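The exercises below ask the reader to work through a structure step by step. Each task sentence is followed by its solution.

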Amino acid sequence: MTAPIETTGAAAEAQPEAVLQGVESKKIEGRSLGQIAWLRFRRDKVAVAGAIVVILLILIAALSRPVQSWLGLDPNSPNQDLIDPNTTLPKGDLGGMSLDHPLGVDPKFGRDLLARVLEGSWVSLIVAFGATLLSVAIGTVLGVVAGFYRGRVDALISRLMDVFLAFPLLLFAIAISASLQGGAFGLEGLPLHISVLIFVIGFFNWPYMGRIVRAQTLSLREREFVDAARGMGARGPFILFRELLPNLVGPIIVYSTLLIPSNILFEAALSFLGVGIQPPQASWGGMLNQAVKFYEVDPQYMLVPGLAIFVTVLAFNLLGDGLRDALDPRSSR
């Protein structure tokens with residue numbers, strides 16, 4: 001009876017050593033919140049595809065002028081020899097598509113559609129990113145202040161949000177854009193049009209960001225780390241910028257990626273209505289405006305800028321949905 005007991009005891013003493021050796025051979029490493037979010041995002045193939053398309057679009061917009069120069073394209077160069085003088089429509093099928101003009105040419109002038117789409121890409125993205133940056137800056141500051149201080153400050157900022165949300169934004173944007181077409185603030189031409197669009201779209205869209213940030217701040221201000229900062233003697237500005245804002249980065253990034261496609265559509269709508277980017281400067285909305293007259297006889301002219309807007313908006317929306325799922329700690333992905 002004694003021998004088996006000793007053998008069992010020896011085995012029991014050896015077992016923890018074997019377990020420890022296995023642990024030492026493979027170290028267990030912790031993951032940061034950023035690493036966890038990246039792993040979640042990487043598993044979402046649709047969001048990754050959207051991110052790749054967004055990166056390509058940004059590169060195309062940033063390099064549109066060098067690409068046009070390299071391909072020998074000019075968005076404003078007419079090609080009257082490609083236009084039928086009797087119908088003012090492009091010669092050939094599919095809007096005059098050829099090896100020299102892979103997306104065809106526009107009616108009446110014969111300008112290359114590929115060059116005009118490339119030229120319009122950087123205009124749309126600059127307006128969308130600039131307006132989003134302005135909305136995020138104003139909405140984040142006012143939203144976090146309203147949510148943290150509460151009381152009269154919250155009531156004042158919340159009523160201000162309600163006033164801005166009650167504005168007929170499209171009509172107001174049309175009025176402002178139309179009144180500043182000639183020149184203002186020392187600017188004229190394309191720089192003026194882009195600046196006006198960024199201001200109008202960004203300044204009147206900040207309440208959407210403000211409401212989201214305010215709601216998140218109301219939740220965060222009751223958390224333990226904020227109470228700990230107060231207990232250590234931290235004042236309001238320190239808590240706002242060192243404790244609350246870092247924890248709001250995720251929601252701000254997610255909503256920004258969803259706000260960019262909305263701003264692209266808004267810019268296209270204003271250009272379509274004739275109060276945005278003015279010809280001869282190419283813009284996707286302006287191309288759609290000009291294509292309305294020819295869509296029955298030359299659908300290619302409307303299809304090209306329409307697909308450019310569709311692909312861009314879809315890619316940003318897919319990226320935003322993927323970021324929202326990846327940065328949500330309650331996500332099951």
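A residue is called buried when its relative accessible area is under 20%, exposed when that area is over 50%, and partly exposed in between, with a 1.4 Å probe and protein chains only. The model is predicted, so that local features need pLDDT of at least 70 and side-chain atom pairs count only at pLDDT 80 or more, while totals for chains, interfaces and linings use all residues. Residues are numbered from 1 along each chain as its sequence is written, and side-chain values use heavy atoms, with hydrogens and water left out.

**Exercise 1.** Explain why Q281 counts as buried, and describe its surroundings.

Solution. Begin with position: Q281 lies in the loop between helix 12 and helix 13, where helices are DSSP runs of H or I with at least four residues, strands are runs of E with at least two, and both are numbered from the N terminus. Next, take the accessibility: Q281 counts as buried because its relative accessibility is 17%. Then list its neighbours, using contact in the sense of heavy atoms within 4.5 Å: leaving aside residues up to four places away in sequence, Q281 touches R116, E119, W122, V123 and L190. Finally, the side chains of Q281 and E119 are joined by a polar contact of 3.3 Å, a term for a pair of N or O atoms within 3.5 Å in which, within protein, one must be able to donate a hydrogen and the other to accept it, residues adjacent in sequence counting only if both atoms are side-chain atoms.

**Exercise 2.** Characterise the largest nonpolar core and the part that helices play in it.

Solution. A nonpolar core is a set of buried Ala, Val, Leu, Ile, Met, Phe, Trp, Tyr and Cys residues joined through side-chain atoms within 4.5 Å. The largest one has 53 residues, and those with the most contacts inside it are F41, I264 and L270. Among the helices that each supply at least two residues are helix 3 (45-62), helix 5 (113-149) and helix 12 (249-272), whereas helix 14 gives the most, with 10 residues. For I264, the residues touched, not counting those up to four places away in sequence, are S124, L125, A128, T312, V313 and F316. A second, separate core of 15 residues includes V136, M209, V226 and L248.

**Exercise 3.** Place these details within the whole protein chain.

Solution. Count the elements: the protein chain has 14 helices and 0 strands. Then turn to burial, where 41% of its 333 residues count as buried.
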